Protein chains: 4
Amino acid sequence: MRVTVWNENFHESRGEEPAVRWYPAGIHAVIAEALEARLGPTAEVRTATMEQPEHGLSAEVLGQTDVLLWWAHMRHHEVDDQVVARVVDAVHGGMGLLLLHSAHISKPFRALIGSTGALEWRNDGDRELVWTASPAHPIAAGIPHPIVIDDQEVYGEPFDIPAPDDVVFISSFSGGEAFRSGVTFRRGRGRIFYFSPGDQDYPVYHQPEIGDVLANAVRWATPDGARGVRESAHRRPVDSSALDRPSDRTAP
Amino acid sequence: MRVTVWNENFHESRGEEPAVRWYPAGIHAVIAEALEARLGPTAEVRTATMEQPEHGLSAEVLGQTDVLLWWAHMRHHEVDDQVVARVVDAVHGGMGLLLLHSAHISKPFRALIGSTGALEWRNDGDRELVWTASPAHPIAAGIPHPIVIDDQEVYGEPFDIPAPDDVVFISSFSGGEAFRSGVTFRRGRGRIFYFSPGDQDYPVYHQPEIGDVLANAVRWATPDGARGVRESAHRRPVDSSALDRPSDRTAP
Amino acid sequence: MRVTVWNENFHESRGEEPAVRWYPAGIHAVIAEALEARLGPTAEVRTATMEQPEHGLSAEVLGQTDVLLWWAHMRHHEVDDQVVARVVDAVHGGMGLLLLHSAHISKPFRALIGSTGALEWRNDGDRELVWTASPAHPIAAGIPHPIVIDDQEVYGEPFDIPAPDDVVFISSFSGGEAFRSGVTFRRGRGRIFYFSPGDQDYPVYHQPEIGDVLANAVRWATPDGARGVRESAHRRPVDSSALDRPSDRTAP
Amino acid sequence: MRVTVWNENFHESRGEEPAVRWYPAGIHAVIAEALEARLGPTAEVRTATMEQPEHGLSAEVLGQTDVLLWWAHMRHHEVDDQVVARVVDAVHGGMGLLLLHSAHISKPFRALIGSTGALEWRNDGDRELVWTASPAHPIAAGIPHPIVIDDQEVYGEPFDIPAPDDVVFISSFSGGEAFRSGVTFRRGRGRIFYFSPGDQDYPVYHQPEIGDVLANAVRWATPDGARGVRESAHRRPVDSSALDRPSDRTAP
């Protein structure tokens, strides 16, 4: 299991408070640690950030990534379209993708769901309760019902996404909003999970239950079969005596 | 547009407080009035209750019903299985069905979704906020975002239903729960809408916005084409020169 | 992995030709053998037939079954409603269910999907080609594209089912029909797979690729977590200091 | 009802045989005529082609289009990304979009479904039978079962698309392939229909049944409510006494 945690790393690298209080080495560092602690030696967890060449997501890195986590907030529009296309291709070929928090309007998420990902929001330090809506889903295994997050930004419906395969979590906020906070999609061979809890201003990623959800999601999104994108393929006329499966293109 | 509002009529017929304070003539009477006021002379609204012969839902009544509303709470298990089968057949043939509040575990709902309809609940007079999750859905047209219900029983996730076609509404409650409070399904030719707001102990069905939702839902669930259940049909070998559509069985 | 192969065993027990030519010990025996050969010693495969007490599906048997396969054709209406309810409950609690061929109108399938399962059919010994529509689905792993079945009964659209989670296979027939021949659903904790190839008149279940599909489907449908039906549960008011998950009812 | 029929117009404008035999004035002209004949004076049908400035799809044209039809084959990669973004935005805001034949790998379709749209194909003049899989869907109203197309290019599964809302049509081909030939999606406020029958080499768009399907689809995809894209919106803290709906951005 090869995991890459990607972070825009904007707030932290600029030394913004309170981001650097909670995430002095960057949100990606805290998430990577949480995954390593839970997935153990079977997982190889690395990080990448936006300021690196090719945003740290070269073809080689993606080729060696089973599941990519994506955290971003302020600089979605500055993400290189070639890198976005590479991520989308990798998902089609089987790579898992976890979109975190403000990534609801990131370029890769929009490109994969085909919707705007728009939602309503306000930031007043509300209490968020994360309820399990699909108790049989592997991402919900062992997760408390609800997870209690004492201070968190508010996201609210309508959340402009296509009907998800599964609504795993639904959150309420002390101010009254409700939100589908954990939803899954498939595109090509790849599994996609959007999970809203987590913000640069609050220590959400330090909560053990949040780490548990992310580790469950990495396990769930890990491809279990051959990787590779199917391209539109010319096929021979059907001949019952010699029918076989056209081979897939090797994954990027 | 021919509408039948069905009510178990248990709490009201026994004179229970506070049910009879809010619904002295029965919940069905208040709902029927709300629909008549909104749908106007194009709609013919009648009521039926459980204590009537065949629960008021004879084959003749269902054959003249385009949309059936179903309110029930305490006596689900006493509903005649033959009437349930008749309702299910009518939905398959194109009749719309609106399931209200405790009807989440009614026999017709369970038979049509194939799940238990189980959920979590408590009754402490919470404030419910009903948020629109699908603003483009006809059932949400003109509905405030959110609807505010001052006093209401709490329903919570997990709600054991198959993935719905649309999650139209999601509610939060002042005690912190969240719930998919308006969801749609199709079965055969029929459209199904489950809507949780509404309880015998609170005057929810007197709220204008709730009446608006129900009227929108009746319009949406009204069949727009031929009625009739498709049965497993033997077909002739395909003959390109004379291919045609097998006729449907006439609706019940 | 504990598997039970259930068979109506009508044609075979009456000695009907050609059923007894292909399936002298019953279709269930051939399917059980195919599964044992593929799943190996990790699987315990047993069979049950309609003429046994409780159709061979006592609460004890179902409690020890991870995946149930259901083959039936002529006597759907004679299946005991109590046994049907028991099967449905077991699926809700996590048991996998594979419905085979004419089981498209069996009582358990109808009860779980909420539709009629009706389709069009004719029996002229057509060639069926079974194409993979979801190549990333575990049930399609290693399956030829297409599977070629030389002689088979024809099933055709429209197939009256709710929108499935996945269309794994789509078949064409030499006479021109097309049909969604492998579709999946979830209900409660249970996974459901309907697969149409297979008939008492043809040796379809002797084909290695068909055995491969069934073995893949058994693996896919095996519950990976706790068993148990969630019932509508009263919950205490939310108390952030002591929130926890209500326990599930033990599975049947 | 304002309809725009867009055509790449590559084969026809180059005078290629047999395209110009069947479509001397372009495929768009034949489709526009078929729609006008069926939709009558309530519809205003115009055409646009790729070689026009902005491909004939200026912001003004899209702002006056309720349903856009898109036919393209050879020059998908040359379509201006700004025009694609404009079409995608218009769909999110409520414009209906019909993708025809080779548009399965067009930029707008890929951008809206998030998948590759890949499929298998060969061109040998097969007979295609188009079967109705969802007889209650408005697009299937009055359509023969099956439509018989004597000569047509073959498309085959797997078709790399997300699970559609509805599979309206499934085709078989005389050579044995099967294909989901009519599928629907929603994105934002917009309705999307992909329909594969139709090719520059065959007179498919002259068949009355094909025109009927397209006219049904235009009626179905016409937006019935307000147009406008929801953007991520900051909301005020919830105040029960003054809750209201944030206004939508005006449609493009």
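The area buried between chain D and chain C comes to about 1500 Å², and I should say at once that this is a predicted model, with carbon and sulfur atoms giving 65% of that buried area. We quote an area here because the size of an interface is often given as the accessible area lost when the parts come together.

In terms of residues, 19 from chain D are in contact with 20 from chain C. If we then ask which elements of chain D give two or more residues to the side that touches chain C, they are strand E5, covering 120-132, strand E7, covering 166-173, and strand E8, covering 178-187. The largest share of that side comes from E5(D), which gives five residues. Sorted by character, the residues on the side of chain D that touches chain C divide into eight nonpolar, five polar and six charged.

With charged residues on that side, how many salt bridges does the rule find across the interface of chain D and chain C? It finds zero between these two chains. What the rule for polar contacts does find across the interface of chain D and chain C is seven residue pairs, both partners being at pLDDT 80 or more.

Let me finish with the symmetry. Chain D is superposed on chain C by a rotation of 180°, with 0.0 Å of shift along the axis and an RMSD of 0.0 Å, and the two copies are therefore related as by a two-fold rotation axis. The same surface serves both copies, since 100% of the contact residues of chain D recur in chain C.

Key. Residues numbered from 1 in each chain as written. Chains lettered and ligands numbered in written order. Predicted model: local features only at pLDDT ≥ 70, side-chain atom pairs only at ≥ 80, totals over all residues. Heavy atoms only, no water. Least-squares fit on C-alpha atoms with pLDDT ≥ 70 in both. Contact = heavy atoms within 4.5 Å. Buried area = accessible area lost by both parts, 1.4 Å probe. Salt bridge = Lys/Arg side-chain N within 4 Å of Asp/Glu carboxyl O. Polar contact = N/O pair within 3.5 Å; in protein donor to acceptor, adjacent residues only side chain to side chain. Helix = DSSP H or I, 4+ residues; strand = E, 2+ residues; numbered from the N terminus. Nonpolar A, V, L, I, M, F, W, Y, C, P; charged D, E, K, R; others polar.
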